[in-house]
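Colleague: Before we begin, could you show me the model, so that I can ask how each label is earned?

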Amino acid sequence: MSAQQTVSNDSPMPSKHALPSYLHADSLGPWGSYLQQIDRVAPHLGSLSRWIETLKRPKRILVVDVPIEMDDGTIAHFEGYRVQHNTSRGPGKGGVRYHQDVTLSEVMALSAWMSIKNAAVNVPYGGAKGGIRVDPRKLSRGELERVTRRYTSEIGIIIGPNTDIPAPDVNTNEQVMAWMMDTYSMNVGQTATGVVTGKPISLGGSLGRREATGRGVFTVGCEAARRIGLDIASARVAVQGFGNVGGIAAKLFVEAGAKVVAVQDHTGTIYKPSGIDAHALLEHVAAQGGVAGFAGAEPLGDDDFWGIESDILIPAALEGQINEKNASRIRTKIVVEGANGPTTPIADDILRENNVLVIPDVVANAGGVTVSYFEWVQDFSSFFWTEDEINHRLERVMREAFASVWQVAQENDVSVRTAAYIIACKRILMAREMRGLYP
Ligand code: NAD
């Protein structure tokens, strides 16, 4: 698709068998995984299943060219995306990822998972996601700012505080959100703090947002442990990805008495059966950029990470990490999906057969978007809450969402993922049905 081309699924499609070419993702990619997850939930939706095609097509896709002048005077072009998967229940909402391997198919899947997640925890948003195909580690600070500002200008035609609200994701942070907010505000001629969430506190950000996803992972991890009679205080935890999500979740589990026995990130894998000092590791990662070289644990081969015995395994890096190649080697009791889409559908089945309880991303990592919602509400009312209030409300949302999906899973004898999809898809499709089709 060419730059600046938009596609909307509000226009009539010829038939459900004639999907546009960009929807024919190969079954191994994240979009393929998402389509399989939707197929699994369809039989549980009753009469609402006649709307199921709505969920298989993003509402709107924008692909943009992002040209910037590099520090050495050359001109570089990067490809950027913003996908609004569904806005039946409210404005689009979802993060922006900077990564050299970002693809349109990946951003489509991530936007769809946001629709499901926002509906599963019942925040009044649709789903969206964005990304730029760039390795930000290779950019200077000035280049990163220019990429961010040009991208924001390009997608400015479809984002806004009432239409689509970006947030941080892999390799984006509070500074990137501040540049996005400033660029959008300059273009519309007024300061619009509510256009992004995950901003610095001084610019309308929310207390507790930075830790919210990891905190939510910890809360549902504890809920799941309680349901299967696992004591957190003696649990062994393995974490893949030690960034915003994995690092915070690990720290909270350690503070609750658990042992983090293994950590893997893009620089390597470390292992210590008696427990890694999570605080010291956070400092090491902040200084060195990764877990490799951490003196308080022994290095391990990356592939060996999946065979380590644990009670709770937290994938908190990228999609497709637990797949048919490693799923049968995993020796844990609970997988709590901090990342989006870390488990492929085949791996999901293998884990279920092996009695591993999987708490799906659309519930487990919903803490981030929940506090983003709190941030957005605070921005609109220009009235800011205390961190205690935020953490308390976050915990309540996460516990209630977990309890609902757990109950549906028990009642229907389905996985927790399918239960979450049943709840979420019913909410989205009910909204679709009540709104009706326009014209
Ligand atoms: P981050 O950039 O802070 O951290 C990413 C981590 O993943 C880093 O530790 C990195 O080293 C590791 N990683 C990258 N490639 C890897 C590889 N090939 N093997 C092992 N580790 C690798 O990102 P984050 O915000 O922590 O996001 C992590 C995941 O959580 C993503 O899937 C993201 O979509 C999801 N998520 C994030 C939020 C949020 O609020 N930040 C909310 C919901 C979901």
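Colleague: What phi does Gly289 take just after H7?

Modeller: Gly289, just after H7, takes a positive phi of about 85°. The model is a predicted one, in which local features need pLDDT of at least 70, side-chain atom pairs count only at pLDDT 80 or more, and totals for chains, interfaces and linings use all residues. Residues are numbered from 1 along each chain as its sequence is written, and side-chain values use heavy atoms, with hydrogens and water left out.

Colleague: What makes H7 a helix with that number?

Modeller: Helices are DSSP runs of H or I with at least four residues, strands are runs of E with at least two, and both are numbered from the N terminus; H7 covers residues 278-288.

Colleague: Which residues of H7 are buried?

Modeller: Ala278, Leu281, His284 and Val285 are buried in H7, where buried means under 20% relative accessible area, exposed over 50%, and partly exposed in between, with a 1.4 Å probe and protein chains only. Seen down the axis of H7, these buried residues fall within an arc of 115° (taken from the directions from the helix axis to the C-beta atoms), so they line one face of the helix. An α-helix has 3.6 residues a turn, so residues three or four places apart point the same way. On the other side of H7, Glu283, Ala286 and Ala287 are exposed.

Colleague: What covers the buried residues of H7?

Modeller: The cover includes helix H6 (244-255), strand S8 (259-265) and strand S9 (268-271).

Colleague: Why is Thr213 called buried, and why is Asn244 called partly exposed?

Modeller: Thr213 has a relative accessible area of 8%, which is under the 20% limit, and is therefore buried. Asn244, at 40% relative accessibility, falls between the two limits and so counts as partly exposed. Thr213 is placed in helix H5 (residues 209-227), whereas Asn244 is placed in helix H6.

Colleague: What does the UniProt annotation "binding site" cover?

Modeller: In the unreviewed UniProt entry, that annotation covers Thr213 and Asn244. They span 32 residues in sequence, yet no two of their C-alpha atoms are more than 7.8 Å apart, so they gather at one spot. UniProt positions are given in the numbering used here, feature names are shortened, and annotations may be inferred rather than shown by experiment.

Colleague: Which residues is Thr213 in contact with, leaving aside its neighbours within four places in sequence?

Modeller: Thr213 is in contact (heavy atoms within 4.5 Å) with Val245, Ala364, Asn365, Gly367 and Gly368.
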